Amino acid sequence: MIPEHDQVALRPEQATIPPGHPWNRIPMIGAVCAVLGVVACAILGLANPKQFFFSWLVSFLFFMSLALGALFFVLIQYAAQGGWGIVLRRIGETTFATVPVMAALFLPVVLGLRDLYSWSVPGAAEQDALLRWKEPYLNVPFFLIRAALYFGIWSFIALLYYRGSRGQDVTGDPGVSARLRRFAGPAIIVLALTQTFASVDWIMSLTPHWYSTMFGVYFFAGSFVGFIALLSVVAVAMRRAGLLDTVISAEHLQDIGKLLFAFMVFWTYIAFSQFFLIWYANLPEETIWYRARMEGSWMTVSIFLMAGHFVAPFFYLMGRTVKRKGATLAIGGAWLLVMHFVDLYWQVMPTLHPEGLSPSTLDVAAFVAVGGCFVTAASWLMRRQALVPLRDPRLAESLAFENV
């Protein structure tokens, strides 16, 4: 008689990337892209270092937000004891396990502090009463300490859940799931607080005279939409590549689509609420941020963001059929990934180009460099393990999941 915790709903060969499969080449492709991107950044950045730092910041925020969105996704799966998402959880785990790599990619932001953040320039607070009042928080040493604290906390939570899940594949101990479930609630609270402060430090302080008490939630909403969009693309791509095609069903795709639709609407609610409250109050210290984005070509980007991040996907993702078909769901996910990048670009770049939209080749180079590192790390981890948590006690429930 096989002990219950040793029983598996899937054989390892059903949930791994087989030798010779094209997906085994993804880490190498990502690494080549990373090297080319870094070289391009080095060459082009010498001529325009300020543009380089802003371009790098946008790409860093984009991929960092995907890792944080993945971490939240896995934590809520444990906290809510959800069954349907277990077959998808390993995608989230390999995504958030890139946090230590993203910490290393934060170095250019540190080197470019004076180009990015006006408050970090020596003597800036002496000439500005408001900066002087904020100086106990907005100063370089404390900024760096907070950044180290964020990455330390995120890496600790990420590695705890990643190693716990992988270890359960070996031991089959159901107690692992119970322990991680008990830790999930406090971890969500810590993640929410640190992610909020990180968004204030890295994005909101680009305009140090402006503030919004909703900005942390706004960044969280975009991060989670971004990861669910990525999840939809990766899940469909796996099925098309013959990986997990008998594991991830149309039922799972439909629930991914539900989450994508729901949090896209949530993002819109937060974005509109922040704008509406600031517009209604009409206080100069609050309106300066939106004013910069409602002038010149930035106004066009604002309208495009509203239409592309809400109106179009709202009607596109509303139907049940779109969510259950891989191709249509992946199109919606890919589109919202693009819109998530546009949203972050719109948040950051008016600080550098207040006169209007000014795309640069450094935007592409930085995206390829950071994205190449992100893809290399995530795909390398994916090759080293099963693509689903093989010995999770609720895996059989997830495999048999059906929408009511």
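Q: Hi! Which residues have the most contacts inside the largest nonpolar core?
A: Those are W56, F60, M64, Y117, W154 and W202, in a core of 132 residues. Do keep in mind that this is a predicted model.

Q: Thanks. Which helix gives the most to this core?
A: That is α2, with 21 residues.

Q: Let's pick Y117 from that set. What does Y117 touch, skipping residues up to four places away in sequence?
A: Y117 touches L57, V109, F143, D201, W202, S205 and L206. One of these, W202, is also listed with Y117 among the core residues with the most contacts.

Q: On to empty space. How much of it lies in the largest pocket?
A: About 600 Å³. The pocket has 26 lining residues, and the closest to its centre are F63, L230, V234, F374 and V375.

Q: Which elements give two or more residues to that lining?
A: They are α1 (26-47), α2 (49-79), α3 (86-96), α10 (215-240), α15 (326-348) and α16 (361-383). The largest share comes from α16, which supplies nine residues.

Q: And what classes of residue line the largest pocket?
A: There are 20 nonpolar and six polar residues in the lining, and no charged ones.

Q: What about the second largest pocket, how much space is in there?
A: About 470 Å³. It is lined by 16 residues, and A271, F272, F275, S302 and M306 lie nearest its centre.

Q: Which helices supply at least two residues each to that one?
A: α11 (250-281) and α13 (297-317) do. By class, the lining of the second largest pocket has 13 nonpolar residues, three polar ones and no charged ones.

Q: Now closed spaces. How many cavities of 30 Å³ or more does the count give?
A: The count comes to one. The volume of the largest cavity is about 40 Å³.

Q: Which residues line the largest cavity?
A: W119, A125, L131, K134 and L138. Sorted by class, that makes four nonpolar residues, no polar ones and one charged residue.

Q: A125 makes me curious about A124. Where is A124 found?
A: A124 is in the loop between α6 (113-116) and α7 (129-134).

Q: Is A124 buried or exposed?
A: A124 is buried, because its relative accessible area is 16% and the cut-off for buried is under 20%.

Q: What is A124 in contact with, leaving aside neighbours within four places in sequence?
A: A124 is in contact with S118, W119 and L131. W119 and L131 also appear in the lining of the largest cavity.

Q: How far is A124 from F197, C-alpha to C-alpha?
A: Their C-alpha atoms are separated by 22 Å, and the two residues are 73 apart along the chain.

Q: Changing topic: where is the place of T95?
A: T95 sits in helix α3. T95 is buried, at a relative accessible area of 5%.

Q: T95 has a polar side chain. Which backbone oxygen lies 2.8 Å from a polar atom of it?
A: The backbone oxygen of I91 does.

Q: And which residues is T95 in contact with, beyond its neighbours within four places in sequence?
A: T95 is in contact with L66, A67, A70, F227, L230 and F374. L230 and F374 are also among the residues closest to the centre of the largest pocket.

Q: How about S155, buried or exposed?
A: S155 counts as buried, at 14% relative accessibility. It lies in helix α8 (residues 140-171).

Q: What does S155 touch, not counting residues up to four places away in sequence?
A: S155 touches V99 and P100. As for T246, its C-alpha atom is 32 Å from that of S155, and the two are 91 residues apart along the chain.

Q: Last topic, backbone angles. What is the phi of Q81?
A: Q81 has a positive phi of about 55 degrees although it is not a glycine. Q81 is in the loop between α2 and α3, and at 44% relative accessibility it counts as partly exposed.

Q: And what is the phi of L244?
A: L244 has a positive phi of about 60 degrees, and it is not a glycine. L244 is in the loop between α10 and α11.

Q: Is L244 buried or exposed?
A: L244 is buried, because its relative accessibility is 2% and buried means under 20%.

Definitions and conventions. Residues numbered from 1 in each chain as written. Predicted model: local features only at pLDDT ≥ 70, side-chain atom pairs only at ≥ 80, totals over all residues. Heavy atoms only, no water. 1 Å grid on protein atoms, 1.4 Å probe; cavity = no way out; pocket = protein on both sides within 12 Å on 5 of 7 lines; lining within 4 Å. Points joined across faces, edges and corners; volume = space filled by probe spheres on them. Nonpolar A, V, L, I, M, F, W, Y, C, P; charged D, E, K, R; others polar. Helix = DSSP H or I, 4+ residues; strand = E, 2+ residues; numbered from the N terminus. Buried < 20%, exposed > 50% of the residue type's maximum accessible area, 1.4 Å probe, protein only. Polar contact = N/O pair within 3.5 Å; in protein donor to acceptor, adjacent residues only side chain to side chain. Contact = heavy atoms within 4.5 Å. Core = buried A, V, L, I, M, F, W, Y, C linked by side-chain atoms within 4.5 Å.
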